Amino acid sequence: MNYVYIIVLVVIAMALQRYFIYLQSKNYTQILLDMKKRGNVGVGVAKGAFSGRVVILCSDLDEIVIEGKTLKGFSTFSRFKDMPEVSGVKLDDLYNKEYTDKKYRKSIKTAVEQIRNLKNKEESKEENEEEN
């Protein structure tokens, strides 16, 4: 009879975990959609054994960061926090800055690279349209 209670508790715990993952995924998607309306967006992820870091950056056409958000850890209770220190900073300055936290540095560099790749694709697309 004790096994039944254990099985029920495990099933309840799994259901709660899925619910919190759903909430976190919904929050992530909403942040991405809001930032994409404002400019070019890049996402950087640095994984670790027990923790990680996600950075989302939004920049304008002049490669100046409009907004940044970060999520530290991979607990389902983690939420994105604003990064006021990156607002108004050029992407080059962010990319070349030395950070003490390796995961933070890696995720920022990846996000900046994604924004640059997106901008390069848009520019090459415009050039191709002008040629035709």
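In this predicted model, S75 lies in the loop that joins β3 to β4. With a relative accessible area of 35%, S75 counts as partly exposed, because that value falls between the 20% limit for buried residues and the 50% limit for exposed ones. Between S75 and Y3 the sequence separation is 72 residues, and the distance in space, taken from C-alpha to C-alpha, is 28 Å.

The strand that precedes this loop, β3, spans residues 65-72 and is mostly covered, with 6 of its 8 residues buried. Strand β3 pairs with β2 and also with β4, as set out in the table below.

| Strand pair | Residues | Sense | Bridges |
|---|---|---|---|
| β2 and β3 | 52-59 and 65-72 | antiparallel | 7 bridges |
| β3 and β4 | 65-72 and 81-82 | antiparallel | 2 bridges |

Within the pairing of β2 and β3, V54 has L71 of β3 as its bridge partner, while on the side of β4 it is D82 that stands opposite K69. The strands β2 and β3 form a hairpin with 5 residues between them, and in the turn E63 has a positive phi of about 60°.

Elsewhere, helix α3 covers residues 102-131 and includes E131. Residue E131 has a relative accessible area of 65% and is therefore exposed, the cut-off being over 50%. Together with E122, E123, E126, E127, E129 and E130, the residue E131 forms a negative surface patch.

Technical notes. Residues numbered from 1 in each chain as written. Predicted model: local features only at pLDDT ≥ 70, side-chain atom pairs only at ≥ 80, totals over all residues. Heavy atoms only, no water. Patch = residues over 30% accessible without salt bridge, like charges linked within 9 Å, V, L, I, M, F, W, Y side chains within 5 Å. Areas by Shrake-Rupley, 256 points an atom, 1.4 Å probe, with all protein chains shown as cover. Salt bridge = Lys/Arg side-chain N within 4 Å of Asp/Glu carboxyl O. Lys, Arg positive; Asp, Glu negative; His and termini not counted. Charge placed at Lys NZ, Arg CZ, Asp CG, Glu CD. Helix = DSSP H or I, 4+ residues; strand = E, 2+ residues; numbered from the N terminus. Buried < 20%, exposed > 50% of the residue type's maximum accessible area, 1.4 Å probe, protein only. Pairing = 2+ DSSP bridges.
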